[in-house]
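Trainee: Got a minute to go through a model with me? I'd like to start with a hairpin and then wander a bit.

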Amino acid sequence: MRTTTRAQSRHWGRHAAQYDELFLDPFEPGVENPILEAIEAIPNAQSKSVIDLGCGTGPLLPRLVSRFREVTAVDFASAMIKAARERLGDQAEQIRFLVRPMDQIDDLAGTLDVAVAINSLVMPDVQEIDRTLSAVYRCLRPGGVFFGVVPAIDAIQYQTMLLLDRALDQGLPPSQADRIAAQQAEHHHYDFAFGRFAFQGLRQKFWQSFEVTYRLRKAGFRSIRLEQVLYPWDANLPLGQEFTDHPRSWDWAFEARL
């Protein structure tokens, strides 16, 4: 395992207890998440196997355990796995937990019907992302499906546009409006050219929609569909309460098939 991966594992483990508070939650009430409906619509799920890649603290696992015959959960941070076990309680005994990076699942090749990665394809090294997507492709049986949600860098640019217009509408000169919008959107955390985000030692990849399609096709997937996960304008977004009359901010959701 690379040193950078070990370091990120430590950082994610350190944030395990606060994870649900620090990051946008695509499972919260008020969020329109098409992946949840897609999982519910899988036919004969009770006879199928599923893997939760980068399961984190396990918010998706109760849904998976109630529907699928066999559930595997993978995360490279042991503290996340521990939090997921605590969330599941007695149901944790029905899940196979693996503490490892997501690109190290070749022992599962050809054994899975469904794979899910919710806000876990965020490794700052795109080579690691490519290895992970290829590993997922190899693990799926014919007819298998891969669902995912990835953070959207274009949504940050959208929020910045609204913040900029707000400042200009208040009569601020363009240079000051630029500065305030960048501060409110926390641009100091982002590298927009490469879609990267850094916060308290964590380093994450943010995505453009075209890159989602590109990297899935590169891994071998041929049937790919993109949708948006829509978030309510609330305290989780900068000045969200002032933009409730605008279209909502988003992350990218995908469905990919062999």
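Mentor: Happy to. This is a predicted model, and in it β7 and β8 form a hairpin with two residues between them.

Trainee: Which residue in the turn has a positive phi?

Mentor: Gln200 does, with a phi of about 50°.

Trainee: How many bridges join β7 to β8?

Mentor: Four bridges join them, and the two strands run antiparallel. β7 covers residues 196-199. Within the pairing, Phe197 stands opposite Gln204 of β8, and Ala198 has Arg203 as its bridge partner.

Trainee: And what is the strand order in the open sheet?

Mentor: The order is β6-β7-β8, with antiparallel pairing. The edge strands are β6 (190-191) and β8 (202-205), each of which pairs on one side only.

Trainee: Switching to packing: which residues touch the most other members of the largest nonpolar core?

Mentor: Leu121 and Phe146, in a core of 72 residues. Another core, of six residues, lies apart from it. Phe197 from the hairpin is one of its members, and Ile153, Tyr190 and Phe206 are also among them.

Trainee: What about empty space? How many cavities of 30 Å³ or more does a search of the whole structure find?

Mentor: Three. About 60 Å³ of space lies in the largest cavity, and the second largest has a volume of about 40 Å³.

Trainee: Which elements each supply at least two residues to the lining of the largest cavity?

Mentor: Those are α3 (34-40), β9 (223-231) and β10 (249-257). The lining includes Pro34, Ile35 and Ala38, along with Arg225, Leu226 and Glu227, and also Ala253, Phe254 and Glu255. Phe147 lines the cavity too.

Trainee: How does that lining split by class?

Mentor: It has seven nonpolar, no polar and three charged residues.

Trainee: And what lines the second largest cavity?

Mentor: Its lining includes Leu24, Asp25, Glu28 and Val31, as well as Tyr231, Pro232, Asp234 and Asn236. By class, there are four nonpolar, one polar and three charged residues.

Trainee: Back to the charged residues around the largest cavity. Which side chain meets Arg225 in a salt bridge?

Mentor: The side chain of Glu227, at 2.6 Å from N to O. Arg225 counts as partly exposed because its relative accessibility is 41%, and Glu227 is partly exposed as well, with a relative accessible area of 33%.

Trainee: Is Glu255 buried or exposed?

Mentor: Glu255 is buried, because its relative accessible area is 15% and the cut-off for buried is under 20%. The side chain of Glu255 meets that of Arg257 in a salt bridge of 3.1 Å, N to O. Arg257 itself is partly exposed, with a relative accessible area of 33%.

Trainee: How many salt bridges does the structure hold?

Mentor: There are 17. One of particular interest to us here joins the side chains of Glu32 and Arg248, at 2.4 Å from N to O. The pair links distant parts of the chain, 216 residues apart.

Trainee: Where do those two residues sit?

Mentor: Glu32 is in the loop between α2 (19-22) and α3, while Arg248 is in the loop between β9 and β10. Glu32 counts as partly exposed at 45% relative accessibility, and Arg248 does too, at 24%.

Trainee: Last one: which residues are linked in a network of salt bridges?

Mentor: Asp130, Lys205, Glu211, Arg215 and Lys218.

Definitions and conventions:
Residues numbered from 1 in each chain as written. Predicted model: local features only at pLDDT ≥ 70, side-chain atom pairs only at ≥ 80, totals over all residues. Heavy atoms only, no water. 1 Å grid on protein atoms, 1.4 Å probe; cavity = no way out; pocket = protein on both sides within 12 Å on 5 of 7 lines; lining within 4 Å. Points joined across faces, edges and corners; volume = space filled by probe spheres on them. Nonpolar A, V, L, I, M, F, W, Y, C, P; charged D, E, K, R; others polar. Core = buried A, V, L, I, M, F, W, Y, C linked by side-chain atoms within 4.5 Å. Buried < 20%, exposed > 50% of the residue type's maximum accessible area, 1.4 Å probe, protein only. Pairing = 2+ DSSP bridges. Salt bridge = Lys/Arg side-chain N within 4 Å of Asp/Glu carboxyl O.
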